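Reader: I've got this one open in my viewer and I'd like to zoom in on a single part. Could you walk me through the pockets?

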Amino acid sequence: MWWNHVVGVGLPLLLIPTAALFVTARWGFAALAGDVPDDVKALLPEFTPAERRRGIVLSTIFLVTLLGSVFVTTWTWIDGVRAEGFLQAYGMAFATFFAFCLIDLVIVDWLVICWWRPSWIVIRGTEQAEGWGDYMFHVREQLSPGGLAAMFGLPAVIAGAATVARLVG
C-alpha cells in the first residue's frame, strides 16, 4: 500500500522539482557549479552577478518544490491512512526522497548530463571537459557524507513537520 502512494502521489509530485532542476540547469547554472567534476570546475567561467542571482532564485525554487513535494506526499500518506507516529511519516518521506535521488541520478545525471549532454546543459567554455561523461562522479556525490546526510536527514525533518501538521490539523 505504501508503494502505491509513492508511485501514485509521490512520483507525479516529483515531476515538479525535476522540472525546476532542469530550469535551474539551463538558466541558473551558477548555483549548481559546485556540483560538477573537478576538470569541469577548472574550466568554469566567472559568473556575472546577474547569473549568480538567477541561480540563487532558481535553486531556491527547486529546493522548495522538492521539500514541498516530499512533505505533501508524506502528509497525505499519514493523513489518508490514519498512520500513527513519526516512523510511518519518516518511512514515506524517506521513500519519496529516495525516489527523487534515483530520478536525479538515473534521468538527470546519467541520461541527460552524461549520455545525451545537450548544449543547454554544458556551461560555456567547458565543452571539452571529460568530466561531463563521468557517470561515477554522480554516484560518489549521492553517496558522499553530505549526500547521505541529506538522504537520511531531510526526510526526518519533513516527517517531523508532517507529523506535527497532522496532530494540529
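Which helices each supply at least two residues of the lining of the largest pocket?

Author: Happy to, with the reminder that this is a predicted model. Five helices fit your question: H1 (2-27), H3 (49-80), H4 (86-116), H5 (135-142) and H6 (145-168) each put at least two residues into the lining of the largest pocket. H4 has the largest share there, with seven residues.

As for the space itself, the volume of the largest pocket comes out at about 770 Å³. The lining runs to 32 residues, and if you want to centre your view, go for Leu21, Leu32, Asp35, Phe62 and Asp104, which are the closest to the middle of the pocket. Sorted by class, the lining of this pocket has 22 nonpolar residues, six polar ones and four charged ones.

Now slide over to the second largest pocket, which holds about 230 Å³ of space. Here 15 residues make up the lining, and Ala25, Arg26, Phe29, Glu51 and Arg124 are the closest to the centre. H1 and H3 turn up again, each supplying at least two residues of this second lining, and H1 gives the most, with three. The class count for the second pocket is nine nonpolar, two polar and four charged.

Since H3 contributes to the lining of the largest pocket and to that of the second, let's stay with that helix for a moment. H3 has 32 residues and spans 46 Å from first C-alpha to last, close to the 46 Å expected at 1.5 Å a residue. Its buried residues are Glu51, Gly55, Leu58, Phe62, Thr65, Leu66, Ser69, Val70, Thr73, Thr74, Trp77 and Ile78. Two of those names should ring a bell: Phe62 is among the residues closest to the centre of the largest pocket, while Glu51 is among those closest to the centre of the second. The cover over the buried residues of H3 includes H1, H4 and H6.

One last stop, back on H4: have a look at leucine 111, which sits in that helix. Leucine 111 counts as partly exposed because its relative accessibility is 43%, between the 20% and 50% cut-offs. Setting aside neighbours within four places in sequence, leucine 111 is in contact with Val106 and Trp116. Phenylalanine 152 is another matter: 41 residues separate it from leucine 111 in sequence, and the C-alpha atoms of the pair are 25 Å apart in space.

Conventions: Residues numbered from 1 in each chain as written. Predicted model: local features only at pLDDT ≥ 70, side-chain atom pairs only at ≥ 80, totals over all residues. Heavy atoms only, no water. 1 Å grid on protein atoms, 1.4 Å probe; cavity = no way out; pocket = protein on both sides within 12 Å on 5 of 7 lines; lining within 4 Å. Points joined across faces, edges and corners; volume = space filled by probe spheres on them. Helix = DSSP H or I, 4+ residues; strand = E, 2+ residues; numbered from the N terminus. Nonpolar A, V, L, I, M, F, W, Y, C, P; charged D, E, K, R; others polar. Expected span 1.5 Å × (residues − 1). Buried < 20%, exposed > 50% of the residue type's maximum accessible area, 1.4 Å probe, protein only. Contact = heavy atoms within 4.5 Å.
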